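Reader: I am new to reading structures and would like to know what stands behind the terms. Can we go through one?
Author: Here it is.

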Amino acid sequence: TAELISGTEIRKDILAEVKAEVEEMKAKHGMVPGLVTILVGSSPASISYVTLKVKTALSVGFKEIQDDQPDDISEADLLALIDKYNNDPEIHGILVQLPLPKHIDDKKILNAINPDKDVDAFHPVNVGRLMIGGDEAIFLPCTPAGIQEMIVRSGTETSGAEVVVVGRSNIVGKPIAMMMAQKGVGANSTVTIVHTRTKDLAAHCQRADILIVAAGVPDLVKPEWIKPGATVIDVGVNRVGMNEKTGKAILKGDVDFEKAKEIAGKITPVPGGVGPMTIAMLMKNTLKSAQYAIKKKA
Ligand code: NAD
């Protein structure tokens, strides 16, 4: 049976490491990382995401500003708000919770965030920095960064490994593929990206020493597609029903987990795999941003 790579456990370790570095920063420099979460409107899903980010930021010792704005805020006022935080030296990370109301252009808002405070790493400048790699890539997008961290911390060899990424989205597939192909620790892999137009999905997956699946299709990856001993990272989160007792959604990944775990060497579960990592990497990016600000001042 495969070794389980637990995102819940790795997240705990990362948050503890971030907290320790925040304490050190406070002692040495008399400051802590500052994060602002901007929530427009009152969608219950958005509120629950923002609440979790705020709680986690406070738990690691950040300064956290929760800036809630009404549904009818104008685009100009929201841009002015972002500008205010772009120029606030105590703020190192700016998060705008998506989706935004229809009268506001998401892209315009995200592109207005100072790239050096863009801890989600969605700004084109940060996408470009990721592509260049090395020291340029100050922030990596949180879900791909979490995937890479899990691969490294599970002791999986990446150098020269065949990595197959299923999916080519801007938030998961494309960035993780580029990151694994870069030079450096947890990378140096030979990468193949497969997607809906790929001719023989099974054949590609069967070659993978590391299989990263981000398609959003439950049980897309069959057990016979997995190379014995491979590391399987299942990013998919699919609601496949509802638990009548708890009223909570039943979640399933993109990989047939029960059968896959008999073939893979290491595997991530859903839930409790990649999901919990994203928020931990967000905290890590905010810490990095504050460290970078200190370096720039020195
Ligand atoms: P997306 O829908 O934007 O992209 C899916 C990609 O998968 C597409 O590029 C498509 O070509 C490919 N694909 C879809 N069906 C396929 C098929 N049958 N065969 C081959 N390729 C196929 O999705 P996304 O935003 O990248 O998210 C993917 C999954 O990961 C979703 O289930 C999402 O909920 C989950 N996700 C989880 C986290 C997290 O846990 N933190 C973060 C982001 C996304």
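Reader: How far apart do the C-alpha centres of domain 1 and domain 2 lie?
Author: They lie 30 Å apart. This is a predicted model, and the protein in it is divided into domain 1 (29-114) and domain 2 (141-277).

Reader: How do you know where domain 1 and domain 2 begin and end?
Author: The bounds 29-114 and 141-277 come from an automatic or database domain assignment.

Reader: What makes a residue part of the lining of the largest pocket?
Author: A lining residue has an atom within 4 Å of a point of the pocket. By that rule the largest pocket is lined by 46 residues. Among them, Y49, T143, V237, G275 and T278 lie nearest its centre. The space in this pocket comes to about 1600 Å³.

Reader: Which domains supply the lining of the largest pocket?
Author: Domain 1 and domain 2 each supply at least three residues. Among the elements that give two or more residues are helix 2 (44-59), strand 4 (93-96), helix 6 (142-153) and helix 10 (275-297). Helix 10 gives the most, with 5 residues.

Reader: How many residues of that lining are nonpolar, polar and charged?
Author: The lining of the largest pocket has 27 nonpolar, 11 polar and 8 charged residues. Gly counts as polar in this scheme, so G275, which lies near the centre, is placed in the polar class.

Reader: What volume does the second largest pocket have, and which residues lie nearest its centre?
Author: Its volume is about 800 Å³. The lining has 31 residues, and those nearest the centre are G134, A137, I138, L140 and K288. Helix 10 again gives the most, here with 9 residues; helix 1 (7-29) and helix 6 each supply at least two. By class the lining divides into 15 nonpolar, 8 polar and 8 charged residues.

Reader: Why is one space called a cavity and not a pocket?
Author: In a cavity a 1.4 Å probe fits but cannot get out, whereas a pocket is an open set. A search of the whole structure finds 1 cavity of 30 Å³ or more, and about 30 Å³ of space lies in the largest cavity. Its lining consists of I94, L95, V96, L110, I113, D118, D120 and F122. Strand 4 gives the most, with 3 residues. Asp counts as charged, so D118 and D120 are the 2 charged residues of a lining that has 6 nonpolar and no polar ones.

Reader: What makes a residue count as being around the ligand?
Author: One of its heavy atoms must lie within 4 Å of the ligand. There are 20 such residues, of which R168, S169, G216, V237 and T278 come nearest. This shell has 9 nonpolar, 10 polar and 1 charged residues.

Reader: Why is the pair between S169 and the ligand called a polar contact?
Author: A polar side-chain atom of S169 lies 2.5 Å from an oxygen atom of the ligand. The limit for a pair of N or O atoms is 3.5 Å, so this pair counts as a polar contact. R168 meets the limit through a polar backbone atom, 2.9 Å from an oxygen atom of the ligand. For T196, a polar backbone atom is 3.4 Å from a nitrogen atom of the ligand, so that pair counts too. The protein covers 70% of the 860 Å² of accessible area that the ligand has on its own.

Conventions:
Residues are numbered from 1 along each chain as its sequence is written. This is a predicted model: local features need pLDDT of at least 70, side-chain atom pairs count only at pLDDT 80 or more; totals for chains, interfaces and linings use all residues. Side-chain values use heavy atoms; hydrogens and water are left out. On a 1 Å grid over the protein atoms alone, a cavity is a set of points where a 1.4 Å probe fits but cannot get out, and a pocket is an open set with protein on both sides within 12 Å along at least five of seven lines; lining residues have an atom within 4 Å of a point. Grid points are joined across faces, edges and corners, and a volume is the space filled by probe spheres set on the points. Helices (H or I, at least four residues) and strands (E, at least two) are DSSP runs, numbered from the N terminus. A polar contact is a pair of N or O atoms within 3.5 Å; within protein, one must be able to donate a hydrogen and the other to accept it, and residues adjacent in sequence count only if both atoms are side-chain atoms. Accessible areas come from the Shrake-Rupley method with a 1.4 Å probe; for residues, only the protein chains shown count as cover.
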